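Biologist: I'd like a close look at one small part of this model. Could you take me through it step by step?

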Amino acid sequence: YGPVRPTGTINLCAVDARGRVGGTTTTSGLAFKMPGRVGDSPLIGCGLFVDGEVGAAGATGRGESVIQIAGSHTIVELMRRGSGPADACLETLHRLVRATRVPDLLDERGRPRFNVTLYAVNLAGEVGSAALWSGSRYAVCRSGSAPQLQDCAFLYRKEA
């Protein structure tokens with residue numbers, strides 16, 4: 001899905017034993033970006049969104065695409081309507097694909113040439129993540145247990 005570029009966004013969403021939720025995101029931003037570019041991380045509802053009644057969600061990858069669909073807010077709203085975290089991430093990625101119309105961003109089959117990975121947790125402590133392309137993983141840490149790496153759900157399988 002295109003050239004490999006340095007990346008640096010880290011998302012962390014958490015819920016405690018009392019059901020209090022929080023989230024944070026940090027980013028080094030797009031490598032070789034145009035001066036003045038603002039990515040999704042500082043924009044409320046794009047790279048990160050937390051709602052104390054529902055859960056939290058975050059994003060890594062091509063920020064411009066996440067901004068177009070207010071990605072993290074979309075995930076939280078889908079969870080509010082009853083979707084589990086992974087399903088909410090997948091539905092949000094489907095929306096992102098439909099919104100991607102610039103020909104240079106799509107391969108010959110109409111699939112994005114870039115990756116976005118979405119992460120979510122709800123107040124019950126259920127977690128999920130999904131990426132456009134296979135191969136992404138995320139860490140799950142629970143009190144009293146060793147951290148675990150889990151495979152992200154995905155829309156497209158990388159071809160060998």
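Biologist: Is Cys 141 buried or exposed? And how many disulfides does a search of the whole structure find?

Modeller: Quick note before we start: this is a predicted model, so local features need pLDDT of at least 70 and side-chain atom pairs count only at pLDDT 80 or more, while totals for chains, interfaces and linings use all residues. Residues are numbered from 1 along each chain as its sequence is written, and side-chain values use heavy atoms, with hydrogens and water left out.

Now your cysteine. Cys 141 is exposed, with 59% relative accessible area. The words work like this: buried is under 20% relative accessible area, exposed is over 50%, and partly exposed is in between, using a 1.4 Å probe and protein chains only. Cys 46 goes the other way: at 7% relative accessibility it is buried.

As for disulfides (pairs of cysteine sulfur atoms within 2.5 Å), the search of the whole structure turns up zero. Cys 141 can't make one because the closest cysteine sulfur, in Cys 13, is 13 Å from its own, too far for a bond. Cys 46 has a similar story: its closest cysteine sulfur is also in Cys 13, 14 Å away, and that is too far as well.

Next, the inside. A nonpolar core is a set of buried Ala, Val, Leu, Ile, Met, Phe, Trp, Tyr and Cys residues joined through side-chain atoms within 4.5 Å. The largest one here has 24 residues, and Ile 75, Met 79, Leu 96, Val 116, Leu 118 and Leu 132 have the most contacts inside it. At least two residues each come from strand E4 (55-61), helices H2 and H3, strand E5 (116-122) and strand E6 (127-133). Those names come from DSSP runs numbered from the N terminus: helices are H or I with at least four residues, strands are E with at least two. H3 supplies the largest share of this core, six residues.

Zoom in on Val 116. Setting aside neighbours within four places in sequence, its contacts (heavy atoms within 4.5 Å) include Thr 60, Val 66, Leu 93, Leu 96 and Leu 132. There's also a second, separate core of five residues, among them Tyr 119, Tyr 138, Val 140 and Cys 152.

Last stop, Gly 82: this residue sits in the loop between H2 (71-80) and H3 (85-99). Gly 82 is exposed, at 63% relative accessible area.
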